[in-house]
Amino acid sequence: MLIRSVLLLAVLVSSTYALYFHIAETERKCFIEEIPDETMVIGNYKVQLFDPNTKGYADYPGIGMHVEIKDPDDKVILSKLYTSEGKFTFTSHSPGEHVICLYSNSSSWFSGAQLRVHMDIQTGEHAQDYEKVAAKDKLNELQLRIRQLLDQVEQITKEQNYQRYREERFRATSESTNSRVLWWSMVQTVILLLTGFWQMRHLKGFFEAKKLV
Amino acid sequence: MVMQYISAKPVLHILWILCLTLGLTVGDEFDFTVIVGPGKVECFYQTIDDPKYAAFEFDYQVVDGGDLDISLYLRSPKGIQLVNDYKKNEGDRRIVLNEPNAGRGDYAFCFDNTFSMQSSKTVFFEFFLLDEKGEYLNGFDQAFKQEEQAENQMEDFRQTTVRVKSSLNRIEHLQSQLRAVEFRDRSIMEVNYERVNFWSIVHLCVMLFTLLVQVFMVRSLFEERSTVGRLIRKGKLAD
């Protein structure tokens, strides 16, 4: 038990946050997650401020980060202000592209400075905290590993179904475009013939009225 | 022994609390989809210093926007540019960390959209941190070592489940690549649809406009009072 904790702690401590990038004061950085429905998404971030004295990036607890998450119908499903280190989580209720945007509330730090944001977004079974699951369902090591594999297979199946639905929509748009091309060409030919006919009739009447014909 | 166990309890509690507050274990693989605005450069940095990683794999694909191309620069912690792709639709690279140009530290990769002043590009990229065997198990093969009984059975079980996990990881990888390809094809299709509609309507309007102008011109040619007719017949406005 103690050894397992130490091992887990060693793994956690040795792996820092995955990716980092810089954002300016009013800049908004957005990430798109295309996920099927009923999928859990967890994001962890940590913000550091550029310190001109040390020319490096240091923690600054006063910074706040605004996290805004939109669902595929452009409806805001989460809009909260977090501290300089935070975790946000949401579960998708409709399949499609969810947009996760981060921007800071630039009140309490030097203007023109840059923020370094460390970020990690995980979806599906990668978002599960298996230590909590093991504690809640009282699983031993074997059961926990099997549960992880089962969750991963379930997520893959969900993703495949979503891809099938996506492909169906794609095929519908493609066929619609195809028939539209044909339809517009026919309409244009018909209109061309009709206008030509109308022009001749109109001008004939005009010339006859002018007694030129 | 019992006294030692009791005194270890608070340390255990602290360790558990620390584990839970540190959040989730960061994985060995992740993917993001970002939008690079017109004329902008978006840079991302990845710190790799864990000795258990032997290589990393990075692949990207432009799924939406303009001509579906982006430039990519990848810099090693030593400041050496390892990858310099100009206006590509997709690419993938595998960098071995023990190579002289690579090394451990902060890797920087930048998506450059400065060549395009009007369209923003949506780029999907994936990053995999691989161990010596080329797998990204994310600690799945650890923690089996604590079981003391039935060592052989545990070993078989461990090997089988690790193989299954590895295959499932590959499936997920292929799925996300297919998803990115489908996103790109869908973007192209939707752009085509819009284009067909737009240009057909423009064509129709131009046709109708031309029709009316033609009739008007021919009529005014034979009309004595109209200025346009005089212009056409004689080439000047006044008589």
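A residue is called buried when its relative accessible area is under 20%, exposed when that area is over 50%, and partly exposed in between. The exercises below apply this to a predicted model.

**Exercise 1. The make-up of chain A**

Determine how many helices and strands chain A has, and what share of its residues is buried.

Solution. Begin with the elements: chain A holds three helices and nine strands. Next, place them in order from the N terminus, which gives α-β-β-β-β-β-β-β-β-β-α-α. Then apply the definition of burial: of the 213 residues in chain A, 42% are buried. Finally, consider contacts in chain A between residues at least 6 apart in sequence; 72% of these join residues at least 24 apart.

**Exercise 2. Annotated spans**

For each span that UniProt lists as "transmembrane region", state the helix content in the model.

Solution. In chain A, the unreviewed UniProt entry gives residues 181-200 for this feature. That span is 100% helix and 0% strand, with its end C-alpha atoms 29 Å apart. In chain B, the unreviewed entry gives residues 198-222. Here the chain is 96% helix and 0% strand, and 37 Å separates the end C-alpha atoms.

A further UniProt feature, "domain: GOLD", is placed by an unreviewed entry at residues 41-129 of chain B. This span is 0% helix and 63% strand, and its end C-alpha atoms lie 24 Å apart.

**Exercise 3. Thr47(B)**

Classify Thr47(B) as buried or exposed, and identify the partner of its side chain.

Solution. Locate the residue: Thr47(B) belongs to strand S2 of chain B, residues 41-48. Its relative accessible area is 18%. The cut-off for burial is under 20%, so Thr47(B) is buried. As for the partner, the side chain of Thr47(B) makes a polar contact of 3.1 Å with the side chain of Asp106(B).

**Exercise 4. Aromatic pairs**

Assign a geometry to the pair Tyr86(B) and Phe115(B), and state where each residue lies.

Solution. A pair of aromatic rings is described by the distance of the centres and the angle of the planes. Over all chains there are 29 aromatic pairs. In the pair of Tyr86(B) and Phe115(B), the centres are 6.2 Å apart and the planes meet at 65°. Planes over 60 degrees apart count as edge-to-face, so this pair of Tyr86(B) and Phe115(B) is edge-to-face. Tyr86(B) lies in strand S5 (residues 81-88) of chain B, while Phe115(B) lies in the loop between strand S7 (105-112) and strand S8 (121-130); the two are 29 residues apart. Tyr86(B) is exposed at 57% relative accessible area, whereas Phe115(B) is partly exposed at 27%.

The reasoning carries over to Phe198(B) and Trp199(B): with centres 5.1 Å apart and planes at 75°, this pair is edge-to-face. Trp199(B) is exposed, at 54%.

**Exercise 5. The nonpolar core and Phe44(B)**

State how many residues the largest nonpolar core has, and describe the surroundings of Phe44(B).

Solution. The largest nonpolar core has 50 residues, and those with the most contacts inside it include Tyr45(A), Phe44(B), Phe56(B) and Phe109(B). Leaving aside neighbours within four places in sequence, Phe44(B) is in contact with residues of chain A, among them Leu19(A), Tyr20(A) and Phe31(A), and of chain B, including Val34(B), Phe109(B) and Phe125(B). A second, separate core of six residues includes Leu149(A), Leu137(B), Phe140(B) and Leu168(B).

Turn last to charges over rings. Lys29(A) lies over the face of Phe44(B), 5.9 Å from the ring centre. In chain B, the charged end of Arg186(B) sits over the ring of Phe183(B), at 5.0 Å from its centre.

Notes
Residues numbered from 1 in each chain as written. Chains lettered and ligands numbered in written order. Predicted model: local features only at pLDDT ≥ 70, side-chain atom pairs only at ≥ 80, totals over all residues. Heavy atoms only, no water. Helix = DSSP H or I, 4+ residues; strand = E, 2+ residues; numbered from the N terminus. Buried < 20%, exposed > 50% of the residue type's maximum accessible area, 1.4 Å probe, protein only. Polar contact = N/O pair within 3.5 Å; in protein donor to acceptor, adjacent residues only side chain to side chain. Phe/Tyr/Trp six-rings, centres within 6.5 Å; stacked < 30°, edge-to-face > 60°. Lys NZ or Arg CZ within 6 Å of the ring centre and 35° of its normal. Core = buried A, V, L, I, M, F, W, Y, C linked by side-chain atoms within 4.5 Å. Contact = heavy atoms within 4.5 Å. UniProt positions renumbered as here; feature names shortened; annotations may be inferred.
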